[in-house]
Structures are given as structure tokens and as C-alpha cells.
Amino acid sequence: MAGVTYKTRQLRRRNIERSLATLAIAGALFWLLENFIKSPTQFTEVTFTGLSNGILYALIALGYTLVYGIIELINFAHGDLFMLGGLFSAHFITLWFGERHSSGKGWGVLLLALISVMIFCAVINITIERFAYRRLRRAPKLAPLITAVGMSFILQFVGLRWNGSGQKTWPSLLPAGNLVIFKVKLPYTTLISFAVTIPVLLALSYIVTRTKQGKAMRATAQDQDASRLMGINVNRTISFTFALGGALAGAAGLLFEQTRGLTSYNLGFQLGLIAFTAAVMGGIGNLQGAVLGAVIIGLIQGWNDGLPIGLGQQWSNTVVFSILILLMVFKPTGLLGKPTTEKV
Amino acid sequence: MSIITRKKSGKKQRAPLSQRTWSIGFLSLAVVIYIFYTYIVPHTSDGFQSQIQTWFPPSALNEALVWVIAALGLNIVVGYAGLLDLGFVAFWAIGGYTAGWLMSGFFNQWNIHFGSESAKVIPGIHLSFWLVLILGALLCAFFGIVIGAPTLRLKSDYLAIVTLGFGEIIPQIFVNGENIHGFNLSNGTKGISPVDSIGIFGKRLGPFDLNYKYMIFVFMAALMVFISLRLRSGRLGRAWLAIREDELAASMMGVPLMKTKLAAYAVGAISGGLAGVAYATHVNGIFAERFQFSISIILLAMVVLGGMGNVWGVMVGALLIAWVNSTGLPALGNEINSTFKTNINFPSYTFLIFGALLILMMLFRREGLLPESRLKLMLHESDAEEGNEAPHDQISEEGAM
């Protein structure tokens, strides 16, 4: 008897949740449609901006999700790594190579900067893992989490020293101007960030699914002890994962610095939080989910900030985090995540 | 297993005694400090007085006590119940704005006076400080439950993120709250100022009555200590500790997880609210842009440094960090600069200091300066299972592989 009432209650609850979710999505679609009717050109432009922000978030979100997938740690320092990547590329391109305008040589410098910043951030991430997180791998969960917060503060300090306390603007090597299709203006910078991000994402997917190292990563994520017995060097695999995450954050840092032309020491905290939200939204630990979540968050943020009928930029974070909280409450596993049962 | 037996056999009788010694120690320290500032300092030489003003000014002491109150609340959430809360600043902000709304001329369309010593003609809502303390605490407890109810089902790291999200949302609401459909909720970044000063025994405290304020804040901190200690040894406190140590096992033993966690949240939020109200009267205003993520982290650092779960440790940690943050670091920096003829801007190193502090504590002394014996055993359980230095040995072994 008790079992039956429990089941019906569960069922009723699920029905209520589903109808509420349908209602919310319908409301959002209606809002989008109204905006589209009001000014189609602006809508398309804003959507495109949101999409390009989304893939930038995806690069950062993948770092969170990779690390969480393998050692179940929220690496709070990851956003700040992205910030340092941006700072490094700004210094590399503008101060060390003195490139200020788009040119043939500029493209070469840009490529060189991309490779160096990826290596730079990967090395930092490996170092952090080696000296802080590795010692705490068997400690209660609170310990590595607090350590990660501390690491984030230290990286912010480095950023503060390197960049100064204010925002700094930098010249961009990317061509200015817009590609105009049917009166819709699409900036070249956005197109280029697509051109950089998509190959990087494909390469990552290749590494994780096709290579031996990727196989080792997946095995370690499932069961560290068993994979150790199978002859996998667990420490090296985890270091490799951190390196991958760091490299992605570095690439994101370069793209952000070049497309927006600014650096600031506390940028990493904000963007890291948003990217983390994206990773959770897609189901943390799931790579496709992180990209999906990041694109959705980018779009929502773009729409909220840029559409004629919207809350506007000052509520941007509130909107993003409200969505995160709602999602956590109703679907803690995320959009693509699998439910996990707790092991005793 | 061994934890429980040890607790039963030897320590049970000694524990209350040591709590009593600590309480007496702290109360007498508070009295000594009071006597020192009220009766001794005014009669000393000018040089000594200015030394006191640079190193330990009374206002910094009061601010440190506000931090203590908030840290004790966070200790209940993090130290007792083991729920990582990264958005504690939200409760501080809510408490502060309660004081801003109910103790100032901000809502000047109304004219409500109750128990406040301010003149009746001044427009605005002016309630008694003590009433506002209770109202702020209640409002925060309500928000603690509202925030907690949907989120406490989550596992630890998700909970941390959701609380972080709330810690970002609520200050943003206050920053943008100047015009919500034409209603001015918080006066935006301009903040609400001045807030009424504390009224006690029919008298309003002036801006220089720091000694009275000190006594009131000590009283509030002592109240939080009392609440923490009583709750901890009671049924609820034991349920918190059980959840902290093993959530699954606790729920199997019949501990109602949601209710217990919510209680931790609500009690923690109450003290956040008290701290908020106290802070508003301390700085004589409330400003939205002060409520940043770093406040949550500083509070966490206080709890971690002092010793999670140990009230006295948290108190020492909070006093120490609050002092370093307000006057200790600049004064120490000036001293070092003048002796070694260097020119280092010490306060700019706060990020490094807090970050390094958190990391080093976690790596080498997870249990804090004044550890709680039970938590210490728990935190080193993994080491004990595999011999003392197991994690290090294992790593070097694997590295050679």
C-alpha cells in the first residue's frame, strides 16, 4: 500500500515537473519569436554573437568537465588559468612580437602564439595538479575543493601582478569589419573564432575516443584501481588530462583576448563560473554535454543581453545562475549526463 | 568504529570541562580588553595611544567581532554538517539590508517608529536595533531554507556551486535593485546610508561609543558560541556530525537528511544575518558592492584556519584573519618596510596570502590550528588505512613505474 502511494506521488511529481518545464520552454520560445518578429536582423546578429560566445565557453567548460570526469574535482582555478592564457597571449603578441595590425606576418605570429599559450597553460595546469591536487587525491572531498579555491586565488594574484588591477585593452591582429549577408552583419572576429574552435574540438574528440591515451583516460575515469591493475600509469594519465584542459583554456584565453581585446585579473572568475555552469548543464563529465551546455548558455546570455525585449546585461549573471539552480534542482545529472548511484 | 569507542571511554567527561575553561578564558579576555581600552588606554602616553591606533584600533576589533559572528555561522554549515557553502556572503548581505531598510530613512514614504530612540519626526522606518537583529535573523533563516530546500538534495560539490550561484545572484539583485519596476529596493550602488546607531537603555550610541558597541558585539558572539556548543552536544548536533562523517550511513541509521541539513543551513544563515545587521551599524551604512565572492572565501579561510568544527578554533582563526585583513597587514608591512628600507605594498598581497593559506592548510594541517579531535581522525582516516605517509610513498612508487 505504502509502495503504491509512493509510486503515484513520484509519478504525479514527475508529471508536474514535466508540464512546468514544457511551459517554461514554451514561454521562452514565445519570447524569442516575439523578438524575432520585432527585429529579425538584430535577432540573427545577437544569436550569432551568443553562438560565438558559446563556443568560447565550450573551450573552458571542457577543461572543467575533463578534470571532473577523471578525478571528481571541481577545479576552481581553471577559469583563472583561462585568464592567465589571455594575459600571456596579449604579452606574447603585442609586447614581445610587437604585432598590432592584421597582416600576413600577423597570422604567423597568431599561430605561434596559439601553440605557445596552449603549452604555457598546460604546463601550469600540470604543475598545479602535481603539487597540490595529487597529494589530496585520497583525502575527503572538501580538502581538494578548498585547495582549488586557494589555487584560484593564487592565480588571480599572478594576474593582478601581471596585468594590474584595472582592465587593459589590447590591439587585435584579427581583421576588423563585418561579413554582410542579407543586411545581417557578422564580424570577421566571430568567424575566425569558429574557425579556431571547431578544429580544436574535433582534435579533442579524436584524442579521447580514438587514441590509446584517450582510452587510458576513460578507463581511469571509470575505476582508478582497476586501470592501475591493467597496467595504465594513472598519474601520467591524470597529468595528461590536466594538460589537455589547460591547453583548451589557453586557446580560449587567446581567442578572448583577440576578439574582445581586453584582459583583466578577475575575468577568469566570472567566465569560469559561467563555463562551469555550462559543464554542469550538459552533464558534468560528459564532453558533448559540455559543448552543448556552453552553446545554450552562450545563446541565452546573448539573447538576454542583446535582444530588444530582455532583462539587459546587468542581469546577465542572475539569469545564468538562476538557470543553473533550476537545472540542478530538477535535473542534477544535466542534459546529457547519466544518473549515478552512490557506491557504498 | 574506533572513533566512537574512544569517545565513549575517556573523553566524554573531560570535554565539558575544557569547554568551560575555554568559555571562561574567552570571557575574561573580553573583559580585560574592555578594561584596557576604556580605563587604561586614555591615561597612557600619546605615543602608546597612537601605537594602539595603528596596530589594534577599537573599530578594527569591533569589525573582527562581526567576522567572528559570521564565521561561527559558517562553521555550523561547513564544520558541523560538512556542507560546503561558497555563498555565505548572501546572508550577510540580506542581514545588512534588513538593517538598511528597517533602521534608516530609506523608505521615507513611510514613517514608522518603534523602540528606536530617534526623533519621531524623522521619516522612514526606525525600529529598535534589537528588534532588527531578530527580524534580520528570521529573514536570513527563511532565505536559508528557501535556498536550501531545493538544493540540499545535491551532492557536496554541486551544492558548493549552487550556493556560489546564490552568493552571486543576491548581491547582484542588490546592485541592480535601484529600479525594479519603478520600486527602489536597495538604492543600487549608492547604498543605504546612514543607518541608525544602536539604541540601548533609552540612549543612542554616538559614533565614538566604540566600547558599548564592543560589548554588544561580544555579547552576540558569545550568544553564537553558546548556541553552537549547545546544539552540537544535542540531538541535532550529533545528527550533523553523523551526516558530515557519512551521509549514507547516517540516513540508514534514521537521521532525516533533509531536515537536518536544512536546520544547519537555517542556523548558519541566522548568524550570517546577525553579522549583517551588526556590520551595517558598524560601518553606519550598507553598500551593495562590498558583498563580493571574496567575503565568502575569507570566511571559509577563517573556518579552515581555525579548525573546522571547533568553535574556539574558528574564533581564533576569525580574529586573526580579520586583524590581518584590516590593520595587521598594513601595520606589519610598514614596520618591515621601515626596518629593512624596502618598499613593498603588503596589502596587495592579500590574494596570495589567502590562497597560499588555504592550500598549505589543506596539504599539511587539514584539521586547522585548533583541531577538533573527531574531525582530525576523520581527515586522516585515509592516511591511517595505508600507514602514515601512504599517499606520498605510493606516488613515488608509481612515478618510478
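1. In this predicted model, B:Phe114 stands opposite B:Leu127, a residue of strand S3 of chain B. The two strands concerned, S2(B) and S3(B), run parallel and are joined by four bridges. S3(B) covers residues 124-127.

2. The same part of chain B holds an open sheet of three strands, in the order S1-S3-S2, with mixed pairing. Strand S1 (103-104) and strand S2 (111-114) of chain B are the edge strands; each has a single partner strand, so one side of each has no neighbour in the sheet.

3. As for chain B as a whole, its secondary structure comprises 16 helices and five strands. Of its 401 residues, 43% count as buried. When contacts in chain B between residues at least 6 apart in sequence are taken, 75% of them join residues at least 24 apart.

4. Chain A has a hairpin made of strand S2 and strand S3, with two residues between the strands. S2(A) spans residues 178-181 and S3(A) spans residues 184-187; they run antiparallel, and four bridges join them. One of the pairings sets A:Val180 with its bridge partner A:Lys185 in S3(A). Within the hairpin, A:Phe182 takes a positive phi near 50 degrees.

5. Helix H6 of chain A, residues 188-210, has 23 residues. From first C-alpha to last, H6(A) reaches 33 Å, close to the 33 Å expected at 1.5 Å a residue.

6. Which residues of H6(A) are buried? They are A:Thr190, A:Ser193, A:Val196, A:Thr197, A:Val200 and A:Leu204. An α-helix has 3.6 residues a turn, so residues three or four places apart point the same way. The buried residues of H6(A) pack against three elements of chain A: helix H2 (40-71), S3 and H9. S3(A) thus appears twice in this note, as a strand bridged to S2(A) and as a packing partner of H6(A).

7. Chains A and B touch each other: 41 residues of chain A are in contact with 40 residues of chain B. On the chain A side, the elements that give two or more residues are helix H5 (142-163), helix H9 (234-260), helix H10 (267-282) and helix H12 (316-330). H5(A) provides the largest share, 13 residues. By type, the residues on this side of chain A divide into 27 nonpolar, nine polar and five charged.

8. One element links points 6 and 7. H9(A) is packed against by the buried residues of H6(A), and H9(A) is also among the elements giving two or more residues to the side of chain A that touches chain B.

Definitions and conventions:
Residues are numbered from 1 along each chain as its sequence is written. Chains are lettered from A and ligands numbered from 1 in the order in which they are written. This is a predicted model: local features need pLDDT of at least 70, side-chain atom pairs count only at pLDDT 80 or more; totals for chains, interfaces and linings use all residues. Two residues are in contact if their C-beta atoms, placed from the backbone, lie within 7 Å. Ala, Val, Leu, Ile, Met, Phe, Trp, Tyr, Cys and Pro count as nonpolar, Asp, Glu, Lys and Arg as charged, and the others, Gly among them, as polar. A residue is buried if 20 or more other C-beta atoms lie within 10 Å of its own, exposed if 12 or fewer, and partly exposed in between; C-beta atoms are placed from the backbone. Two strands pair if DSSP finds at least two bridges between them. The expected span of a helix is 1.5 Å times one less than its number of residues.
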